[in-house]
Number of protein chains: 2
Amino acid sequence: MELLDKTLQSIAGLNESAMKEARERLDNLLKPPGSLGVLEELAEQMAGITGHTRPTVGGKSVIVMAGDHGVVEEGVSVAPQEITRQMLPAFIRGFAGISVLARQAGAKVVVVDVGVAGGPVDMPGVVSRKVRPGTGNITREPAMTREEAVQAVEVGIEMVMAEVGQGATIIATGDMGIGNTTPSSAILAAFGNYSAEEVTGRGTLVNDDVMAKKTAAIATALQINKPDSADGLDVLAKVGGLEIAGLTGVILGAAASRVPVIIDGFISTAAGVVAAAIKPECKEYMIASHLSAESGHKLMLEYLGLKPMLHMDMRLGEGTGAVLGMNLVDAGCRILNEMATFAEANVMDLEEDRILK
Amino acid sequence: MELLDKTLQSIAGLNESAMKEARERLDNLLKPPGSLGVLEELAEQMAGITGHTRPTVGGKSVIVMAGDHGVVEEGVSVAPQEITRQMLPAFIRGFAGISVLARQAGAKVVVVDVGVAGGPVDMPGVVSRKVRPGTGNITREPAMTREEAVQAVEVGIEMVMAEVGQGATIIATGDMGIGNTTPSSAILAAFGNYSAEEVTGRGTLVNDDVMAKKTAAIATALQINKPDSADGLDVLAKVGGLEIAGLTGVILGAAASRVPVIIDGFISTAAGVVAAAIKPECKEYMIASHLSAESGHKLMLEYLGLKPMLHMDMRLGEGTGAVLGMNLVDAGCRILNEMATFAEANVMDLEEDRILK
């Protein structure tokens, strides 16, 4: 709890003066003001996050948190729980989706076992930080205790701080956990005051039968656990997941380190919702990457006030959408750094209609 | 006309067997089938375009066509016509928006004067292929003759063929031309049977007064010229633009060369609409990059049946959105090439629920 408290205390707002200076330069670049849209917003946000008026993207890491879910007993997923564990070697060995896209982005993949079912994942490269071997079945009991939730959040904080210490300038969030759309939907329902029907999507390969079980499980989980939406950690502990808690820590830790954090899809955004409930200021450090094909994702992003850049109908998780977003953040910074202003370029100024030379 | 005819004759459909083989591999990769959404569709389309079951992205070029518009006499733009000419050095010297983003993407920038007002643009690096020094004022006369339209289209075909000859494996379209949202809107109205009001957006920095003039100019242009929507070249010549004609040629030439062409925003998509009217098969070679902040762009993309990947509120043109899309096409190809199948990875198969090892 000490690390979490310290982290929360060190999260501050963006650097307004760096943003103002960046905005002024952006408005004077060789283009109509605002015509590069979100690229300009990213550049300005990066200035505010880093405090540099000419921010750049350097080292990149994607932190993939893996955890299992007791609720799979209720038949909410068509994939067997073992897949969570079995995917970790593929992440490390470089041929999973996130491995390929992280390699393209030039990002390091950090794989953390924060709550995979069974014993430790014995695989070189997997960071072993298991808080417990999977959550409880949320239709009967809380996912975890409040202490376990804090512990998992602190794993995320430690992971992101280690990455920043080794030179990461931008962090992407990723998840692996069979069944984890169910707790993510429950989190959305708890904070957004939605019904189970409104927040339940098809997840991965879900058919009508599984869909009905999933909706019922979410409704029951909320009824049984009565998560308190005024208390982020309570919701996380009662209906969340260990990887979701880990990612909550990654987001809080990134904000405390003044490093931007690119949010992936439905699971990562659920962690974003929890992080924002715990410390609203951390929202300013978040960058939404893509709009997932999972139906509740749109509601979550709206709840957070984030606008996704990529509309690719992706729904794999692992951080695949988030690492694709790294190129866009880099593009925004390059616009700010490498484009000339009208004055620098000696071109007629569009706005003031004057010839500068 | 001979080059255009020859080009149209050599445009064929996609390679179905390469697509089928790519699709099969995509379905067997270490992920639920379809869960990488548009990345998978891009990989499949790339297989169909190139005929290779494991396509890759190699050399990249963005072709920026520049031309002026007689209709600016009507006060449809707040920027003076001279800006078109003045931006070309910035493109070449590397500090315009397209220069920066093309550099990030590793793409060559090809700048073509196909119709800039005044004499030749005397600037090393600018390809001088002026068909005429700007179009006629479309509220009073056709933009150009049918012969001039064909000539400008053929400039585009020659440009793209030269790039492909030098190793380009993917082409992006870009435009520069003060006032060119006006003819682009007129093209949309002509093909989509829309009113001037429905297709007129604010373009760059347009205020209410200019907006009214622009809407009126588009209505008059359609009334005076009576473009025949059954005849793509007729619409292009009567209410189009020289850079739009050049880009129409780029798209047709790319399709004839079996090379994918990433379409930028409103102006480039207008060229796409014309190209599709001339040769519908060329649509299969198009990849939509972003959804422009220009309001009519959505209608154009729907008309073509294309789905934009990036929602960035960009409206600069120059090819800035299209070159950002190159990274996504590359990502799709990498997924197909670098991810392992379940069999290759010896992981439990999600679909068949069996352990392969």
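Mentor: Contact here means heavy atoms within 4.5 Å. By that rule, 54 residues of chain B and 54 residues of chain A take part in the contact between them. The model is predicted, so to speak on trust: local features need pLDDT of at least 70, side-chain atom pairs count only at pLDDT 80 or more, and totals for chains, interfaces and linings use all residues. Residues are numbered from 1 along each chain as written, chains are lettered from A and ligands numbered from 1 in written order, and side-chain values use heavy atoms, without hydrogens or water.

Trainee: What area is buried between chain B and chain A?

Mentor: Buried area is the accessible area (1.4 Å probe) that two parts lose when put together, summed over both. For chain B and chain A that is about 4,800 Å², with 68% of it from carbon and sulfur atoms.

Trainee: How is chain B laid on chain A?

Mentor: You superpose the copies by least squares on C-alpha atoms of residues with pLDDT of at least 70 in both. Here, a turn of 180° with a shift of 0.0 Å along the axis lays chain B on chain A, at an RMSD of 0.0 Å. The two copies are therefore related as by a two-fold rotation axis. In chain B, Leu310(B) has the C-alpha nearest that axis, at 2.4 Å. Both copies use the same surface, too: 100% of chain B's contact residues recur in chain A.

Trainee: How many salt bridges are there between chain B and chain A?

Mentor: Side chains of opposite charge can pair when their charged atoms come close. The rule is a side-chain nitrogen of Lys or Arg within 4 Å of a carboxyl oxygen of Asp or Glu. Between chain B and chain A the count is four. In one salt bridge, Glu338(A) meets Arg103(B), with 2.7 Å from N to O.

Trainee: Which helices of chain B supply residues to the side that touches chain A?

Mentor: Helices (H or I, at least four residues) and strands (E, at least two) are DSSP runs numbered from the N terminus. H3 (37–50), H4 (82–93), H5 (97–105) and H14 (320–338) of chain B each supply at least two residues to that side. H14(B) gives the largest share, nine residues.

Trainee: How many salt bridges are there over all chains?

Mentor: The count over all chains is 42. Take Glu294(A) with Lys214(A), whose closest N and O atoms are 3.9 Å apart. Glu294(A) sits in the loop between S6 and helix H13 (296–304) of chain A, and Lys214(A) in helix H9 (residues 208–225) of chain A, so the pair ties together parts 80 residues apart in sequence.

Trainee: In what order do the strands of the open sheet of chain A come?

Mentor: Strands of a sheet pair through backbone hydrogen bonds, either parallel or antiparallel. Two strands count as paired if DSSP finds at least two bridges between them. In chain A, six strands run S3-S2-S1-S4-S5-S6 in an open sheet, with parallel pairing. Its edge strands, S3 (126–128) and S6 (286–288) of chain A, each pair on one side only. Angles between axes, lines fitted to C-alpha atoms (for helices, over the stretch in contact), run from 0 to 180 degrees between N-to-C directions. With direction ignored, neighbouring strands of this sheet are turned by 30° against each other on average.

Trainee: How many bridges join S4 to S5 in chain A?

Mentor: Two bridges join the parallel strands S4 (residues 168–176) and S5 (residues 261–263) of chain A. Ile171(A) has Val261(A) as its bridge partner in S5(A).

Trainee: Which strands of chain B does H4(B) lie across?

Mentor: H4(B) lies across S1 (59–67), S2 (108–115), S3 and S4 of chain B, at about 145° to S4(B).
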